[in-house]
Structures are given as C-alpha cells and as structure tokens.
Amino acid sequence: MIVNPFRRDKMTGEHHTAEIVHRYKGNPLLTAKDVPYYADLVYNAGVTFFNGRYCIAPRVDCADKSDEVEKESNFESINTGLGWSDDGINFTIEPEYVKVHYKGEILPWVCDARLTVLEGELYLTFCFENQHSERPGIAKWRGKGTDFDAVWIGIPQQRNMVLYPEKINGMYMRLERPSNQWGVPFHIWYSFSPDLRYWGDQELLLGCEDVPFASVKIGAGAPPVKTDRGWLLIFHAVDGVAASLEESEGRGWNKRYMAGAALFAPDDPTKLIGITKEPLLVAEMPYETGKDGNFWVQDTVFPCGAVVENDGDTLRIYYGGGDTNTCLAAVSLKELWEFITPAERMAQRATIPFRYKDWIK
C-alpha cells in the first residue's frame, strides 16, 4: 500500500481573514462592467508598478450561452486585458485584449497572467488553453498597445508561473505549479535560466505540507517581493469542503481558496525562513463567497499582484474574488513580520519515499 506522509484530511479547520489585513472599501475594484468590451468575469489580475504607473492584466471570460447539448467548454472565450492607473485603484482598460505573438500566430485563450518588471522591461507570465491542454509561457511587452512577444513556451500542465524581479546569482528565476498524479497535493517549484529560454535546476520551493491551511494544492500568487527581511511570496492555498457542507449548500465547487505569505532568505530565495500559520485572506465577503448572486465559484480569493507603496510599509494585494471580479486588500509589512512564524521546509528536497516508515527515522 502506498502511503503519502503529507496527505491530510480535506478541510483544515475554520479560518478567518487576519485582523492585520484591510480590504479596500470600494471592492470589487474591477468587474465586467468596468471593461470596454463584453465580459462576464474579470478576475485574477496580475498587477505591478511600471514607469510611474500601475499596470493591470485581468483575466476576461465570456460565458458560452449557446444551446448546444454537449459543450467542450463553459466559455465562449478566455482572454487577458491590459490597463493602467495612476493610483492603483482607478484603471483605464485598453480597448483590445492582450495579444501574445508566437511563431507568426497569436496564442489562443491566454489567461491567469502575472506581471513582472525585470531589467526595465515589462514581462507577462501566463498559461494558455488549447486542444493540447494548458501550456505556460513568458512574454515581453513591445512597449505600446497590448502586443507581447513570447520569450518561452512550455509543455503542459503548468500554471501559476511567476518571474522574480531581478537575477539571482546571475540567473533568472521563476516559480511554477505543475499538476501532479496519484492524488498527491500540488506544490510550488522553482527553476533557473541564463536567458529566460532554457530552464533547469528545478527543485521544490514550498510543499503543500508546509502550509497548515492547505491540503489540496498551493501555488505562487503574486511575483515575489524583495524586502529588507527577505523575499516575500504571497501565495494561494487550497483545501477541500466537507461533504456535508457541499451537500447542504448545493455547491458546484468543493474547494476553498485562501491566501497566505511565506518569507525566504534574502541571500537564498530557495530557503524558507518563515510562513503564516493561518491565512492572511479568507473568502468572507459576498463578492468572494459567491453569495451576492453573481459569481463563478464559491469561497475563493486568489492573489495575483503585490505592490509595496511609496511609504515602504504598505503592501497592496490584488486578488480575484470568486473567479468573478478583481479586488484589493492592504497589510502593513511591520504587522506582517509579526504575523509570520519562523519556519523551515518539512522536506528539503522532493525525494521523499512513498512509505512513511522509510521516511521517518
């Protein structure tokens, strides 16, 4: 019998948003009515600060409302928008979707984008849906409009890819979350590259087992932020919903998405030195839980952007609510450092044998 020593029960307990986190009173920040084209869902937006302005790249979905008996997708289209703001709250969205150019074609269904400023250039990391499953990619902005050029395209199935905003020991670094098998939880992995095209030295950055409020999967949320304490990663963590709750509420979604934070050593961004033992952000508001009557999935907060304000202390966290809209919350770094507990990884490498007795000495 194969035993996974890291497997836990589906639910991890009752959780609430940390008192140090403050939601923007005007949430949702961005909805379908705020974009210049037809949309049903506008969410999971990557956000960064670039050339004196905030840049946002939300996922934009249009539902398939046809009467076909069998549908290959719930969506008519999936795209990524691009917008700009002086204050990080009021965004003007470009009239055209993001176009990622790759070998003479435009990639289909580019979504779940993150934005990173690296060496003075604006980069988009993303996945795109197609007949051969979901593939990840990295693209560089052309400097005007919504056109990006693919720098690297990977193989299925990987999501939640983010770039570090600077080289690490002369190498580019990225995080990703590949799918697993055997029912094993999904984890966050890292790799390095000399040129953003050829990637290697892959290893585990953070295991699902290291997050007390995760049991199904974790993934990189916003690109890591460099601070005086180390590299700060705002991530998403997923556990399951009890069968009794799923049945009583008539759910079509049996997972709960929360947001947490992990801190890695300033001189070694692969070394975990602290983590939030409880979530930073939990779906509790109607625009996050799905109880406002206009939602896609229940109980979901999904961080995709983190920006430190000019005061050097306020961290803005941009996140998706219910896979429907884009929201904003803020936390003081001083208070966050106190909320983070010193920690190290349970497994230093992803080489743990299947059998529990072979791992525990």
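## A four-stranded open sheet

In this predicted model, four strands form an open sheet, and their order across it is β1-β25-β24-β23. The pairing is antiparallel. As a reminder, strands of a sheet pair through backbone hydrogen bonds, in either a parallel or an antiparallel manner.

Which strands stand at the edges? They are β1, residues 21-23, and β23, residues 301-308. Each has a single partner strand, so one side of each is left without a neighbour in the sheet. From one strand to the next, the twist averages 30°.

## Where β23 meets β24

If you follow β23 to its partner, you reach β24, which covers residues 314-321. Seven bridges join these two antiparallel strands. For a handy landmark, look at Val301, which stands opposite Gly321 in β24.

## Ala32, after the edge strand

Moving on from β1, you will find Ala32 in the loop that leads from β1 to β2, the latter being residues 41-50. Setting aside neighbours within four places in sequence, Ala32 is in contact with Ala39, Asp40, Leu41 and Val42.

Ala32 also invites a look along the chain: Thr324 is 292 residues away from Ala32 in sequence, yet their C-alpha atoms are 8.4 Å apart in space.

## The chain as a whole

Stepping back, the chain holds 26 strands and four helices. It has 361 residues, and 56% of them count as buried. The exposed area is about 16,400 Å², with carbon and sulfur atoms supplying 49% of it.

How much of the contact network links distant parts of the sequence? Among contacts with a separation of 6 or more, 57% come from residues 24 or more positions apart.

Key
Residues are numbered from 1 along each chain as its sequence is written. This is a predicted model: local features need pLDDT of at least 70, side-chain atom pairs count only at pLDDT 80 or more; totals for chains, interfaces and linings use all residues. Side-chain values use heavy atoms; hydrogens and water are left out. Two strands pair if DSSP finds at least two bridges between them. Axes are lines fitted to C-alpha atoms, for helices over the stretch in contact, and angles run from 0 to 180 degrees between N-to-C directions. Buried means under 20% relative accessible area, exposed over 50%, partly exposed in between (1.4 Å probe, protein chains only). Contact means heavy atoms within 4.5 Å. Accessible areas come from the Shrake-Rupley method with a 1.4 Å probe; for residues, only the protein chains shown count as cover.
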